[in-house]
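This briefing goes with the sequence and structure shown below. Please keep both in view while reading.

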Amino acid sequence: MAENELATKVVHQLTENDLFSKWLGIEVLEVAPGHSKLKMTVRKEMINGFGIVHGGVAFSLADSAFAFACNNRNNLSVALDTSINFIKPVHVDDVLTAEAKEIHNGKSTGIYHVSIFNQNNHLVAFFKGTCFRTGKNLV
């Protein structure tokens, strides 16, 4: 099976079982080995007490992009360490795009950077994640 075909198959299986990503309304735009690109539209129930979107929404979108990128080679990988920098506020009806890029693909760990942009192509958050590779297949 070709690498891109395997990556797509793995992410399809992950998205079928990922009820939280479904609830967020995440759509998969691109998948390639070590890479994913997702988008979602922010809804009004996602705002916090300050009238802007809760930071957990951008974090969750980035975390899904991270998960899809680090697992799509069919090696079950889990988050070992993550962090996020919030750069600009996110508002209701914003369309967010998260793109995960692999920085390191090791035997037992992987490092990924995820950039999150709004519909105006403004960087709103930057996520860094390290995963642990279990060696188990997903599909």
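The points below cover an annotated region, a set of paired strands, a surface patch and three individual residues. The model is predicted, not experimental.

**Annotated region**
- An unreviewed UniProt entry carries the annotation "domain: Thioesterase" for residues 50–124.
- Across residues 50–124, helix accounts for 23% of the chain and strand for 43%.
- The C-alpha atoms at the two ends of this stretch are 17 Å apart.

**Strands S3, S5 and S6**
- Strand S6 spans residues 123–133 and runs antiparallel to S3, to which nine bridges join it.
- Within this pairing, Ala79 has Cys131 in S6 as its bridge partner.
- S6 also pairs with strand S5 (residues 109–117), again in the antiparallel sense and over nine bridges.
- Phe117 is the residue that stands opposite Leu123 in S6.
- S5 and S6 make up a hairpin, with five residues between the two strands.
- In the turn of this hairpin, Asn121 has a positive phi of about 65 degrees.

**Nonpolar surface patch**
- Val78, Leu80 and Phe132 form a nonpolar patch on the surface.
- Together these three residues have about 270 Å² of accessible area.
- Leu80 belongs to strand S3, which covers residues 77–86.
- Leu80 has a relative accessible area of 55%, so it counts as exposed, the cut-off being over 50%.

**Glu30 and His35**
- Glu30 is part of strand S1 (residues 27–32), and His35 is part of strand S2 (residues 35–41).
- Glu30 is partly exposed, at 37% relative accessibility.
- His35 is buried because its relative accessibility, 15%, is under the 20% cut-off.
- Beyond its neighbours within four places in sequence, Glu30 contacts His35, Ser36, Lys37 and Glu99.
- With residues up to four places away left out, His35 touches Glu30, Ala69, Asn72, Glu99, Ala100 and Lys101.
- Glu99 is thus listed among the contacts of Glu30 and also among those of His35.
- From C-alpha to C-alpha, Glu30 and Glu99 are 8.8 Å apart in space, while 69 residues apart in sequence.

**Ser21**
- Ser21 sits in helix H2, which runs over residues 19–24.
- The relative accessible area of Ser21 is 5%, and Ser21 is therefore buried under the 20% cut-off.
- Apart from neighbours within four places in sequence, Ser21 is in contact with Ile26, Ser64 and Phe68.

Technical notes. Residues numbered from 1 in each chain as written. Predicted model: local features only at pLDDT ≥ 70, side-chain atom pairs only at ≥ 80, totals over all residues. Heavy atoms only, no water. Patch = residues over 30% accessible without salt bridge, like charges linked within 9 Å, V, L, I, M, F, W, Y side chains within 5 Å. Areas by Shrake-Rupley, 256 points an atom, 1.4 Å probe, with all protein chains shown as cover. Salt bridge = Lys/Arg side-chain N within 4 Å of Asp/Glu carboxyl O. Helix = DSSP H or I, 4+ residues; strand = E, 2+ residues; numbered from the N terminus. Buried < 20%, exposed > 50% of the residue type's maximum accessible area, 1.4 Å probe, protein only. Contact = heavy atoms within 4.5 Å. UniProt positions renumbered as here; feature names shortened; annotations may be inferred. Pairing = 2+ DSSP bridges.
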